[in-house]
Amino acid sequence: MAKTQKKRKKEIETKKKKKKKNEEEEMEMQAQGARVGQEVEALRRVGVSDSVGIDLVPCPPLVIKGDFHNQPFDNDTFDFEFSNVFDHALYPHKFVAEIERTLKPDGVSVLHVALSGRPDKYSANDLFSVKPLVEMFKASKLVHIRKVDGFGLDTEVVFRKKKISKPISS
Ligand SMILES: C[S@@+](CC[C@H](N)C(=O)[O-])C[C@H]1O[C@@H](n2cnc3c(N)ncnc32)[C@H](O)[C@@H]1O
């Protein structure tokens, strides 16, 4: 390969890398019930620098104080939300409504839940099938369900918020 061609190829590759890095950096991610922020740190390490967690007990700088039933964020803020604390929700409908409110249209939410018993002694609700969860996500489409092995959580459920949300009737 001629020297100029090699140089050009390298320039294109560098541009592609920069573009990918910018796209990753522009992504906004949030985790509910993040405790010390392990999931936030993991996302930051792979390039999603605008990641933040909320918890009743803050753990700066990764986790700020917030109740997941009344998230301290504006509508349509995040591209991605992760939660492995659905079982801690005292008001599951409110928990889900807040995820859908703060996700941008087309944003993705990933939930790790337990269908085979309570993951810990602080669980506030029991989920025996994904059906009620899917019904709560009124403004989203179900993307996939798969089995996972996540510290007592056995199922991953992924939703994508619809681009044009219909008004949610109560
Ligand atoms: C099992 S821990 C999850 C820890 C973390 N997601 C992880 O994987 O390491 C549950 C967390 O949910 C938090 N939590 C419980 N109710 C909450 C609420 N209403 N709003 C925000 N966080 C809450 C608790 O303070 C606790 O840190």
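Which residue in strand 7 is the bridge partner of H144? It's V158, and you can find the pair in the third view below. This is a predicted model, where local features need pLDDT of at least 70, side-chain atom pairs count only at pLDDT 80 or more, and totals for chains, interfaces and linings use all residues. Residues are numbered from 1 along each chain as its sequence is written.

**View 1. Around the ligand.** Look for G33, R35, D67, F68 and H88, which come nearest of the 16 residues around the ligand (near means a C-beta atom, placed from the backbone, within 6 Å). The shell splits into six nonpolar, five polar and five charged residues (nonpolar: Ala, Val, Leu, Ile, Met, Phe, Trp, Tyr, Cys and Pro; charged: Asp, Glu, Lys and Arg; polar: the others, Gly among them). Helix 2 (38-45) and strand 2 (50-55) each chip in at least two of the shell residues (helices are DSSP runs of H or I, at least four residues, and strands of E, at least two, numbered from the N terminus).

**View 2. The buried face of helix 2.** Here E39, V40 and L43 are the buried ones (20 or more other C-beta atoms, placed from the backbone, within 10 Å of a residue's own). They fall within an arc of 105 degrees (taken from the directions from the helix axis to the C-beta atoms), so they line one face of helix 2. Just past the helix, G47 has a positive phi of about 110 degrees.

**View 3. The hairpin of strands 6 and 7.** Strand 6 (residues 140-150) and strand 7 (residues 153-161) pair in the antiparallel sense over eight bridges (pairing takes at least two DSSP bridges). Between the strands sit two residues, and F151 takes a positive phi near 50 degrees. Strand 6 is hardly covered, with one buried residue among its 11.

Methods: A residue is buried if 20 or more other C-beta atoms lie within 10 Å of its own, exposed if 12 or fewer, and partly exposed in between; C-beta atoms are placed from the backbone.
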